[in-house]
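Here are a few exercises to work through with the structure open beside you. Try each task before you read its solution.

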Protein chains: 2
Amino acid sequence: MAQTATTDKASGATRLDRRKARTRQALIDAAAELIAQGRGERASIQEITEAADIGFGSFYNHFESKDELFRTASEEVLERWGRMIDRACAGIEDAATVFATSFRISGRLGWTHPDLARFITGAGLELLDIPRGLAPRALRDIKLGQAAGRFTFPHAGIALSTSAGALLGLLRVRQQHPEQIDETAVDETAEAMLRMFGVPAREARRIAARKLPDIEDW
Amino acid sequence: MAQTATTDKASGATRLDRRKARTRQALIDAAAELIAQGRGERASIQEITEAADIGFGSFYNHFESKDELFRTASEEVLERWGRMIDRACAGIEDAATVFATSFRISGRLGWTHPDLARFITGAGLELLDIPRGLAPRALRDIKLGQAAGRFTFPHAGIALSTSAGALLGLLRVRQQHPEQIDETAVDETAEAMLRMFGVPAREARRIAARKLPDIEDW
């Protein structure tokens with residue numbers, strides 16, 4: 001908070017600007033919370049403004065539609081999610097294990113956070129153009145794996161797009177045909193991605209079967 | 001043509017209906033031809049109606065916009081392209097080689113048919129929902145590879161989505177950073193996909209280095 005105030009002062013923001021920004025953020029936080037609880041799509045604007053503790057009428061001073069708020073909040077949630085994965089992987093040294101762990105946690109979103117999963121499948125490959133959340137972290141991990149000589153597949157951008165296709169496939173099948181898929185399928189896909197990147201088959205299997213680190217409560 | 005007439009008669013189509021259908025198809029064929037020649041996006045409606053040998057004014061009796069025609073024609077081109085790949089692969093027995101060959105030919109679309117490549121990247125993963133063209137063929141080939149025991153990765157739907165992510169990645173990088181990519185990258189990606197599906201690394205390399213069959217002139 002203190003930091004925000006300093007930044008605002010430096011940019012010459014007025015008290016009104018600051019209040020507007022706080023109200024906007026309260027709406028985003030409330031929507032993000034509903035998304036995290038799996039109630040994002042069903043929540044009404046009334047419910048969101050109540051959760052944000054602001055008047056119903058001021059919603060449209062900040063967002064044109066529930067969709068616009070939902071999109072902004074989803075990006076925030078995606079970024080928060082990315083940071084949580086980062087923290088969960090902080091103790092892991094090996095780049096291939098970091099990638100596989102992140103992928104396995106993200107592939108479970110269809111079970112753990114269906115609303116966020118729906119946002120991801122809704123965005124599709126345009127996810128790759130969002131400079132926050134999962135895509136920039138996956139690209140970073142792929143490049144670390146290449147630099148460490150763990151991944152021999154030389155094209156990071158294509159590896160990223162392929163991983164996105166795999167993750168989106170998992171989340172889509174989970175949404176459309178939940179009976180066709182379980183968490184083992186997520187781990188088998190992580191294992192297959194490692195093989196694709198050039199990790200020997202036996203080692204890929206071992207890495208994708210490691211115990212997952214704990215994720216903080218949301 | 002005789003077959004079309006019979007079908008039309010059976011469904012009670014009038015001579016007017018038939019003429020309308022022919023005009024519509026002439027527009028689609030002209031647009032498809034322009035797309036195939038890499039001039040789809042730059043072509044004006046004037047140019048399209050001239051190529052179809054119909055009056056400029058009747059365009060809007062059949063399509064609401066150039067975009068709508070372009071979308072319809074692109075699907076037709078995609079299907080035509082799929083059939084050409086089928087014919088090119090007709091002599092190949094091994095399912096893994098069929099998949100890799102189709103993938104390597106499709107991955108070259110950024111060089112050989114940039115307009116079609118743009119349609120594919122524009123559609124993104126929604127391509128998976130188009131029941132014509134590349135996606136249904138890729139799914140068929142993946143299932144054939146599984147049935148033949150060549151692919152051990154058991155989830156066909158996820159394999160399909162992953163392949164789509166890989167292909168879209170190739171086409172996107174080719175469009176956005178052409179200097180980062182060449183045809184070798186396409187073959188390396190096909191090789192990596194085979195590894196992902198469970199083909200041993202050495203064999204994947206051999207299969208992805210095979211001479212490509214000739215493709216008919218467009």
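**Exercise 1: The fold of one chain**

Chain A has twelve helices and zero strands, where helices (H or I, at least four residues) and strands (E, at least two) are DSSP runs numbered from the N terminus. This is a predicted model, in which local features need pLDDT of at least 70 and side-chain atom pairs count only at pLDDT 80 or more, while totals for chains, interfaces and linings use all residues. Residues are numbered from 1 along each chain as its sequence is written, chains are lettered from A and ligands numbered from 1 in the order in which they are written, and side-chain values use heavy atoms, with hydrogens and water left out.

Task: write down the pattern of chain A along the sequence and the box that its C-alpha atoms fill.

Solution. Step one: the pattern reads α-α-α-α-α-α-α-α-α-α-α-α. Step two: along the principal axes, the C-alpha atoms fill a box of roughly 60 × 45 × 30 Å.

**Exercise 2: Two helix pairs**

Task: describe how α6(A) packs on α11(A), then turn to α11(B) and α12(B).

Solution. Step one: α6 (residues 95–107) and α11 (residues 183–197) of chain A pack at about 145 degrees with axes 9 Å apart; axes are lines fitted to C-alpha atoms, for helices over the stretch in contact, and angles run from 0 to 180 degrees between N-to-C directions. Step two: on the α6(A) side, the contact (heavy atoms within 4.5 Å) includes Phe99(A) and Phe103(A), and α11(A) brings residues including Met193(A) and Phe197(A). Step three: by class, this contact has nine nonpolar, two polar and two charged residues; Ala, Val, Leu, Ile, Met, Phe, Trp, Tyr, Cys and Pro count as nonpolar, Asp, Glu, Lys and Arg as charged, and the others, Gly among them, as polar.

Step four: in chain B, the axes of α11 (residues 183–197) and α12 (residues 201–208) come within 8 Å and cross at roughly 145 degrees. Asp187(B), Glu191(B), Leu194(B) and Arg195(B) of α11(B) meet α12(B) residues, among them Arg205(B) and Ile207(B). That contact has five nonpolar, no polar and four charged residues.

**Exercise 3: The two copies and their interface**

Task: find how chain A is laid on chain B, and what the two chains bury between them.

Solution. Step one: a turn of 180 degrees and a shift of 0.1 Å along the axis lay chain A on chain B with an RMSD of 0.1 Å, superposed by least squares on the C-alpha atoms of residues with pLDDT of at least 70 in both. The copies are thus related as by a two-fold rotation axis. The same surface serves both, as 100% of the contact residues of chain A recur in chain B.

Step two: each chain gives 26 residues to the contact. About 2,000 Å² is buried, 64% of it on carbon and sulfur atoms; buried area is the accessible area (1.4 Å probe) that two parts lose on being put together, summed over both. Ile158(A), Arg172(A) and Arg195(A) lose the most area in chain A, together 25% of what that side buries.

Step three: two salt bridges cross the interface (a side-chain nitrogen of Lys or Arg within 4 Å of a carboxyl oxygen of Asp or Glu). Arg172(A) forms a salt bridge with Asp129(B), with the closest N and O atoms 2.9 Å apart.
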